[in-house]
Amino acid sequence: MKLTGAQALINCLEKEGVEVIFGYPGGVVIPIYDVLYDSKIRHILVRHEQCAAHAADGYARATGKVGVCMATSGPGATNLVTGIANAHLDSIPIVAFTGQVATQMIGTDAFQEADITGITLPIVKHSYLVKDVRDLPEIIREAFYIASTGRPGPVLVDIPADISNAQFAHRHPVKLNLAGFKPTIKGNVRQIKQAAKSICHAKRPLIVAGGGILRSRAWDELQELVRLTRIPITTTLMGKGAYPETDDLYVGMPGMHGTKCANYALTECDLLLAVGMRFDDRVTGKLSTFAPDALVIHVDIDPAEIGKNIKTRIPIVGDAKTVLKDLIIAVEKEKLEGLEDIGAWLQQVNSWKKKYPLAYKKNGKLLPEFVVEKTYELTEGKAIIATEVGQNQMWAAQFYKCDKPQSFITSGGLGTMGFGLPASIGAQIGRPDEVVIDIAGDGSVQMVSQELATAVANKLPINIFILNNGYLGMVRQWQELFYHHRYSQTDLAVGTPDFVKLAEAYGAKGIRVTEINQVESAIKEAIDSPETVVVDFLIEREENVFPMVPAGGSINEMIGGEIE
Amino acid sequence: MKHTLSVLVDNEPGVLTRVAGLFSRRGFNIDSLAVGPTENPKYSRMTIVIDGETHSIEQVTKQLHKLINVIKITDLDPEESIERELVLIKVNAPPTTRAQVIEIVDIFRANIVDVAKNTLTIEATGNTNKVKAIEEMLAPYGIKELTRTGKIALSRGQKSG
């Protein structure tokens with residue numbers, strides 16, 4: 001069958017099971033958009049390409065499928081860069097398609113030419129510049145396979161205009177031939193046995209689970225292991241939802257704005273089983289004082305993460321789900337030989353948990369913690385939460401307890417302000433029956449507010465809860481605590497739009513909340529509404545996120561968070 | 001300690017950029033890098049020399065392995081491998097010292113590949129020490145220009161490393 005490159009591309013995407021593309025057209029991708037016009041694949045027209053990448057990312061996180069975005073050459077492609085970097089640092093499977101100027105024009109500084117494979121080289125898992133249309137089907141197969149296999153990540157495919165128009169004889173199926181890409185899935189049996197032995201003999205064991213649990217869909221196995229061993233567990237920001245947060249053995253999030261209980265447990269434990277996490281500096285704080293007494297067992301699909309930041313006694317390279325399954329069997333066997341009594345440790349952990357709950361002063365004012373807490377109560381913890389970055393993100397992480405996986409969507413690695421709104425668009429499209437809420441800040445949401453148009457145009461019932469303090473709150477908090485209250489360039493109050501009017505200008509619903517007694521009805525109204533809703537919570541301006549580990553400090557030396 | 005990594009990669013445009021980019025992004029310094037096609041035209045072999053004192057060879061190797069175009073990496077044991085480098089040296093050799101220079105060339109079993117009125121251009125191959133030694137011996141006569149290929153290496157014996 002003779003097809004053009006553009007036809008083959010859409011044909012291949014349909015074969016990959018792609019349901020939706022987030023994108024924005026332009027000159028060199030018109031041939032592709034022309035084919036898309038007749039395709040059953042849904043296209044969501046964003047209003048800025050960065051948000052196409054973020055929406056694809058949010059879709060991938062909410063569904064576990066590969067997210068797809070598309071942009072034209074030059075500025076369209078460069079606008080994707082932040083979104084690709086974001087997916088790269090959080091290991092999210094997306095495939096980004098960009099148009100490129102015609103092959104014979106490459107390198108001539110042609111109109112809307114940018115070397116996007118070059119620009120994105122350090123932030124992709126892999127990339128392709130298609131030079132022969134006959135390679136296109138194989139490249140697309142490889143792109144989806146690489147993006148979703150092993151440690152997931154973004155793959156970019158750059159398609160010159162003449163390739164889209166060229167005709168060739170297209171044949172299916174395409175076979176994969178990737179000699180240099182063979183991720184280790186099954187963990188080493190001896191290492192797993194040794195890990196099981198150490199786990200059963202530890203006096204003060206702790207599990208820390210990260211985003212890898214979600215990527216490998218290993219949440220059931222993780223629960224099974226905890227049930228079997230009764231070991232207390234903490235999940236990183238990226239791992240939120242990997243383990244039910246309302247469970248007795250859950251000790252909260254670790255790190256900079258984690259719970260004291262999690263950080264004390266990390267500091268005191270004698271065995272740390274780390275699964276699908278990478279010991280980011282926001283989790284470990286000062287490395288020399290991090291889990292000083294712990295025998296570290298590190299399970300990760302990426303061998304380069306093992307030993308990168310933390311000395312590991314028992315490294316296990318493999319897929320979290322596969323390794324945990326094997327580990328459960330090994331622990332069951334080892335248990336027969338006797339299990340160390342960890343009763344005293346559990347008591348200790350429990351007493352920390354009781355003594356240092358996440359708390360805030362209830363002074364009758366409209367506080368962000370209260371808004372998030374109410375959101376949690378009124379959605380019964382079942383909503384999909386996306387966040388922006390900064391204080392809003394930390395309050396959401398602290399006070400919205402996730403019991404379900406794939407329900408907390410946040411930019412952990414790159415810390416991208418403006419991620420939450422487009423990500424919630426992607427999440428809502430991927431899981432249309434769920435309540436989706438973007439917990440936002442006034443600074444972040446202004447970076448992407450044009451996407452209200454995308455949400456309204458597609459009748460998406462997403463809820464944008466703006467915790468509006470008129471500040472770049474997290475930077476202001478650091479300035480208050482470490483820079484003598486010198487609020488350099490963080491006051492946004494003058495010039496911040498009236499978000500209710502802004503919502504209405506886009507055809508969305510806008511609700512303003514200024515008093516604590518309006519919170520409940522506003523949240524109810526928003527989540528019950530079939531429209532896109534913006535709720536502008538005018539919160540206490542200088543509320544801080546506590547507890548907090550100052551940058552570079554030890555995680556057991558936290559400031560704030562005590563309520564008199 | 002210097003490590004010599006023999007890295008089998010896809011013979012495709014952009015692969016060298018990916019490897020070089022990875023090294024600069026992760027802050028690994030390359031002492032030398034030589035690349036060329038192998039017996040199979042689908043693959044190229046890169047011989048990369050890096051300083052193991054300043055960087056963890058383990059991290060370098062693991063990060064390299066993550067590149068899709070990297071097929072295989074071998075950290076070559078100097079005892080169990082053959083390494084060669086080629087150097088071209090243009091050295092001052094007026095009639096008064098020409099005989100001495102030629103003598104040095106003979107001792108090192110190097111070749112004279114170009115002759116001019118006052119200079120000789122010498123081609124020498126050998127391991128890093130030999131190349132360094134001939135350079136040192138010729139230095140007193142005045143080296144006008146010098147270029148080296150960087151090290152290439154293969155493991156000894158029947159096994160392909």
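**Exercise 1.** Which residues in α3(A) meet which residues in α5(A)? Describe the helix contact and the surroundings of α5(A).

*Solution.* The model is predicted.

Step 1, the residues. On the α3(A) side, the contact is made by Q50(A), A53(A), H54(A) and D57(A). They meet T82(A), G83(A), I84(A), N86(A) and A87(A) in α5(A).

Step 2, their classes. The residues of this contact comprise three nonpolar, five polar and one charged.

Step 3, the geometry. Helix α3 of chain A spans residues 49-63 and helix α5 of chain A spans residues 81-89. Their axes are 7 Å apart and make an angle of about 25°. Angles under 35 degrees count as roughly parallel, and α3(A) and α5(A) are therefore roughly parallel to each other.

Step 4, burial. Of the nine residues of α5(A), seven are buried, so this helix is largely enclosed by the rest of the structure. The buried residues are T82(A), G83(A), I84(A), N86(A), A87(A), H88(A) and L89(A). Their cover includes α3, β5 (94-100) and β7 (155-160) of chain A.

Step 5, the end of the helix. Just after α5(A), S91(A) has a positive phi of about 55°.

**Exercise 2.** Work out the strand order of the five-strand open sheet of chain A, and state which strands stand at its edges.

*Solution.*

Step 1, the order. The strands run β10-β9-β11-β12-β13 in chain A, with parallel pairing.

Step 2, the edges. β10 (233-235) and β13 (314-317) of chain A each have a single partner strand, so one side of each lacks a neighbour in the sheet.

Step 3, the twist. From one strand to the next, the twist averages 15°.

Step 4, one pair in detail. Three bridges link strand β9 (residues 205-209) of chain A to β10(A) in the parallel sense. I207(A) has I233(A) in β10(A) as its bridge partner.

Step 5, the helix on the sheet. Helix α9 (residues 189-201) of chain A lies across β9, β11 (271-275), β12 (295-300) and β13 of chain A. Its direction is at about 135° to β13(A).

**Exercise 3.** Describe the six-strand open sheet of chain A and the placing of α17(A) and α18(A) on its strands.

*Solution.*

Step 1, the order. The sheet reads β15-β14-β16-β17-β19-β18 in chain A, and its pairing is parallel.

Step 2, the edges. β15 (408-409) and β18 (509-513) of chain A are the edge strands, each pairing on one side only.

Step 3, one pair in detail. Strand β14 (residues 384-387) of chain A runs parallel to β15(A), joined by two bridges. The bridge partner of I385(A) in β15(A) is F408(A).

Step 4, the helices. α18(A) packs on the sheet and touches β14, β15, β16 and β17 of chain A, with its direction at about 175° to that of β16(A). Helix α17 (residues 391-399) of chain A lies across β14, β16 (436-441) and β17 (463-468) of chain A, at about 135° to β16(A).

Step 5, burial of α18(A). This helix covers residues 420-430, and eleven of its eleven residues are buried.

**Exercise 4.** State how the two domains of chain B are placed and which strands supply the domain 1 side of their contact.

*Solution.*

Step 1, the domains. The domain assignment gives domain 1 (2-76) and domain 2 (82-153) of chain B. Their C-alpha centres lie 29 Å apart.

Step 2, the contact. Domain 1 of chain B contributes eight residues and domain 2 of chain B contributes six residues.

Step 3, the strands. β1 (2-10), β2 (30-37) and β3 (43-51) of chain B each supply at least two residues of the domain 1 side. β2(B) gives the most, with three residues.

Step 4, the classes. The domain 1 side has four nonpolar, four polar and no charged residues.

Note on methods:
Residues numbered from 1 in each chain as written. Chains lettered and ligands numbered in written order. Predicted model: local features only at pLDDT ≥ 70, side-chain atom pairs only at ≥ 80, totals over all residues. Axes fitted to C-alpha atoms, helices over the stretch in contact; angles between N-to-C directions. Helix = DSSP H or I, 4+ residues; strand = E, 2+ residues; numbered from the N terminus. Parallel < 35°, antiparallel > 145°, perpendicular 65-115°, else oblique. Contact = placed C-beta atoms within 7 Å. Nonpolar A, V, L, I, M, F, W, Y, C, P; charged D, E, K, R; others polar. Domains from an automatic or database assignment. Buried ≥ 20, exposed ≤ 12 C-beta atoms within 10 Å, placed from the backbone. Pairing = 2+ DSSP bridges.
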